[in-house]
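I opened the model to look up its nonpolar packing and a few backbone oddities. My entries follow.

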Amino acid sequence: MRKYFYRSFKKMTATEFCCHNESDVLRRVIIGSWEGYRQSEFYIEKVNAVQEQMAAPARDLLKDELEGFKSVLESMGVEVLVPRPVGKIVYDQLTPRDIGVVIGDRFVLCNMRKQSRRYECVGIFDLIMHYDLSEPNILIPPADCFIEGGDVIVDKQTIYIGISERTNRQAVEFIRKNFGDRFRVVPITLAASTEENLYLHLDCVFNPVGKRHALIHAPGIQEVPAQLSGDYELIEISAAEQAALCTNVLSLSHEVVISRDHDECARVNAELRKICSVIELPFNAVPLTGGSLRCSSLPLQRKKILTA
Ligand SMILES: NC(=[NH2+])NCCC[C@H](N)C(=O)O
């Protein structure tokens, strides 16, 4: 295993993009917005099996839980931004993770597979367009490249990319071309979803936590790359735990993680408590749409303190 050490890094301006590690200290994040959820029946597209099978969450519960998420983040010193409701053509802005991703000091604006999510990014334009003309820091992938942020994990000088229902091989080429000089790029092909388990994005089956651990549901990956067992101490997640989206935690640092307070996540939370502190949050509404805490958050800035 490679050795890493921690040190404090240069000061960042408020608008700078910065994400080098999944568990660097979170400074600035966009979270899901419940406002405008399912405004117009006409534009609703059930985009995954969970949405097909479950009743849609109540707006009041979405509001309470997302406001609870915001309060916890703010109490931990994180600046929280919320997308502006786009309007009736976008029925769901609960999981901003997928519409963009910060890699290093650049923002990739994602090409979404599902038509109902194609214009979701309009809600975050005000939050990402900073007019520093010296720096082309927002990348737009080519038209044949589908990529969603839930399939992209940046950690320890590596970009892991899930090849999934939503992200294709062209995404790997695009990422290699733009970031290959600075990051190792490791594609991970997800297994086909089963009746019980939806393997929608990489972060539903794999997620680094703490300094050197990672949560993993190996059956959700076609072939687990050797790098993963080399780089991490892996914590295995059962099928029932995967279905409850137990991998989908949000790291605030390598010392603190926010996880779902749910019976099915109790064992995983106990395992996590051995390596960091765990803030357990009631979060049952967004998971009825197929995402959990990682999906409901889009980090724009993490203080880079882990260097090789
Ligand atoms: N990063 C994630 N796992 N996101 C989950 C997204 C759920 C969302 N409703 C969709 O199906 O597109």
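In which loop is Leu-245 found? I place Leu-245 in the loop between helix H6 (239-243) and strand E13 (250-251). Helices (H or I, at least four residues) and strands (E, at least two) are DSSP runs, numbered from the N terminus.

The model is predicted, so local features need pLDDT of at least 70, side-chain atom pairs count only at pLDDT 80 or more, and totals for chains, interfaces and linings use all residues. Residues are numbered from 1 along each chain as its sequence is written, and side-chain values use heavy atoms, without hydrogens and water.

**Phi entries.** Most residues other than glycine have a negative phi. Leu-245 is not a glycine, yet has a positive phi of about 60°. Leu-245 is buried, with a relative accessible area of 8% (buried is under 20%, exposed over 50%, partly exposed in between; 1.4 Å probe, protein chains only). I also noted Lys-156, with a positive phi of about 50°. Lys-156 lies in the loop between E7 and E8 and is buried at 5%.

**Core entry.** I looked up the largest nonpolar core (buried Ala, Val, Leu, Ile, Met, Phe, Trp, Tyr and Cys joined through side-chain atoms within 4.5 Å). The largest nonpolar core has 34 residues, and Ile-103 and Phe-179 are among those touching the most other members. Strand E4 (100-103) and helix H4 (169-179) are among the elements giving two or more residues. H4 gives the largest share, five residues. Not counting residues up to four places away in sequence, Ile-103 touches partners including Cys-19, Ile-175 and Phe-183 (contact is heavy atoms within 4.5 Å). Another core, of 22 residues, lies apart and includes Leu-62 and Ile-258.

**Exposure entry.** Tyr-131 lies in the loop between H3 and strand E6 (138-139). Tyr-131 is exposed, at 69%.
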